[in-house]
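Got the viewer open? Let's take a walk through this one, selecting a piece at a time and looking at what is there.

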Amino acid sequence: MKKTKKYSESFPERPRFNSFSTINEKEVNDISLEFFYNPHSITLLLLSIGAVIYFAFVRDTEDVEKNIWDGLLCCSFFFLIISILAYPNGPFTRPHPSIWRTVFGLSVLYLLGCLFILFQNTQTVNGILHWLDPSLKDFHIDMDKEYGVNCSDISVERVWSHVDVFALGHFFGWMFKAILIRHMGILWATSIMWEITELAFAHLLPNFIECWWDALILDVLICNGLGIWCGLKICRALEMREYKWESIKDIHSTTGKLKRAMLQFTPESWTSVRWLDPKCSYMRVFAFCELVLFWQISELNTFFLKHVFDLPTSHYLVSARLLLIGVVVAPSVRQYYCYVTDTSCKRVGTQCWVYGCIMVTESMICIKHGKELFKLTHPLNIVVWFIVQFLMSVVCVVGYAIYHKYWSKAGQSKTGKRKTN
């Protein structure tokens, strides 16, 4: 009697790729500087305790406010040290995994701070802000620059006066978003819908009142459009580049060593991103609509927070928050992308989860401490804005998927025929 092979022997089981582990704690494969990747936990412990002992016993303790501030800084310092030792790397390893663990620790600290503020009254929060910066007592949000004045006065000088540091921030902000999202359809949909968001909330936020030429030409076409174009060009250049990393120990010239050290701050690899494909399910389309909507809410939080608590646009707290959110968004978008597009990834990454909590908590802070501001609008306005945002997201995302399915394929087939002829 002929012996038959077992099913497992005929078709050996393939090793399953753990997608969540890859996006949540990516391992470093090419270690070229062993000193920076070997564990130094005991050394770090001794240095940290030594620094605390020195500052705890040497510094002057007469000033109560300074004691509180230094105590908070010390707690934050040790929390970040623990973050480096215990938290996951996230999806990135350059320039060093410990940097991304620190970013994760900062995001957790910021989330805890937001939750603390959520349970305080407005007077307490304002007292904390005035304690951090006493000059805020003399500032009111109405002192900010107004953009929607004398819109009929269109001249070169007038237009040039609107090209300020915030216009430059628009450009670099959208270039950064393009590098993160890497999808022209989603980027343009987000850009156009943000102008609709400004129109919907202009009666609450005077900073949203702009002239038509400022909103359409300067913002959408020039600043946002150029930023998206430059960001996508950078992405294409990085996709075409060959990534062959050489150990710094194998490089003998000083110039080569310096160049390799600078390249440590560039991506380890750059894979092409495909948010949508013609066969994607409706759940993926829904997830991308969520991404566009959440992006709008996160942007709104920036303006509502500084309006509710009377913070000038150029204040260091506003800049620090934007910088932190910008750094946190990078691994969050990558983890969200893997969760949406990879069927083997069953849960979202830790950094993305924390960022989602931050976004919701910031929104609740704005609503709770801005009751008087939100009384000026009708809930129906918010509902209509939400519906319009969702419908436009669906139309843009589905339209781009249809374009890739029919017109893009047709263009590729024509190009292929021309090449064969």
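Start by selecting residues 69–87. This span is 95% helix and 0% strand, and the C-alpha atoms at its ends lie 26 Å apart. Keep in mind, as you click around, that you are looking at a predicted model.

Now pick residues 99–119. Here too the span is 95% helix and 0% strand, with 31 Å between the end C-alpha atoms. What links these two selections? The unreviewed UniProt entry carries the annotation "transmembrane region" for residues 35–57, 69–87, 99–119 and 382–403. That label comes from the record, and such annotations may be inferred rather than shown by experiment.

**Stop 1: H5 against H6**

Show helix H5 (64–86) and helix H6 (97–118) together. At what angle do H5 and H6 pack? It is about 135 degrees, and their axes are 8 Å apart. H5 and H6 are therefore oblique to each other, since an angle has to be over 145 degrees to count as roughly antiparallel. Turn the view and check the handedness: the H5 and H6 crossing is right-handed.

**Stop 2: add H15**

Keep H6 on screen and add helix H15, residues 350–369. The axes of H6 and H15 come within 9 Å and cross at roughly 25 degrees. That makes H6 roughly parallel to H15, because angles under 35 degrees count that way. H6 passes H15 in a left-handed crossing.

Next, bring in helix H14 (316–341). H14 packs on H15 with the axes 8 Å apart and an angle of about 130 degrees. So H14 is oblique to H15. Is the crossing left-handed or right-handed? H14 passes H15 in a left-handed crossing.

**Stop 3: an open space**

Time for a pocket. The second largest pocket holds about 1,500 Å³ of space. To find its centre, select Leu 109, Tyr 110, Gly 113, Leu 132 and Leu 317, the closest to the centre of the 36 residues that line the pocket. Which elements give two or more residues to this lining? They are H5, H6, helix H7 (122–132), helix H13 (282–308) and H14. H6 provides the largest share, nine residues.

Try colouring the lining of this second largest pocket by residue type. You should get 31 nonpolar, three polar and two charged residues.

**Stop 4: a closed space**

Some spaces are shut in. How many cavities of 30 Å³ or more are there? The count comes to three, and the largest cavity has a volume of about 70 Å³. Select its lining: Asn 24, Pro 88, Asn 89, Gly 90, Pro 91, Trp 100, Phe 104, Pro 331, Gln 335 and Gln 351. H6 and H14 are the elements that give two or more residues to the lining of this cavity. Colour these residues by type as well: the lining of the largest cavity divides into five nonpolar, five polar and no charged.

**Last stop: a loop**

Finish in the loop between H13 and H14, where you will find Asp 310. What is unusual about its backbone? Most residues other than glycine have a negative phi. Asp 310 is not a glycine, yet it has a positive phi of about 55 degrees. Zoom in on Asp 310 in its loop between the two helices, H13 and H14, and take a look at the backbone there.

Terms used:
Residues are numbered from 1 along each chain as its sequence is written. This is a predicted model: local features need pLDDT of at least 70, side-chain atom pairs count only at pLDDT 80 or more; totals for chains, interfaces and linings use all residues. Side-chain values use heavy atoms; hydrogens and water are left out. On a 1 Å grid over the protein atoms alone, a cavity is a set of points where a 1.4 Å probe fits but cannot get out, and a pocket is an open set with protein on both sides within 12 Å along at least five of seven lines; lining residues have an atom within 4 Å of a point. Grid points are joined across faces, edges and corners, and a volume is the space filled by probe spheres set on the points. Helices (H or I, at least four residues) and strands (E, at least two) are DSSP runs, numbered from the N terminus. Ala, Val, Leu, Ile, Met, Phe, Trp, Tyr, Cys and Pro count as nonpolar, Asp, Glu, Lys and Arg as charged, and the others, Gly among them, as polar. Axes are lines fitted to C-alpha atoms, for helices over the stretch in contact, and angles run from 0 to 180 degrees between N-to-C directions. Angles under 35 degrees count as roughly parallel, over 145 as roughly antiparallel, 65 to 115 as roughly perpendicular and the rest as oblique. A crossing is left-handed if the near helix is turned anticlockwise from the far one by less than a right angle, and right-handed if clockwise.
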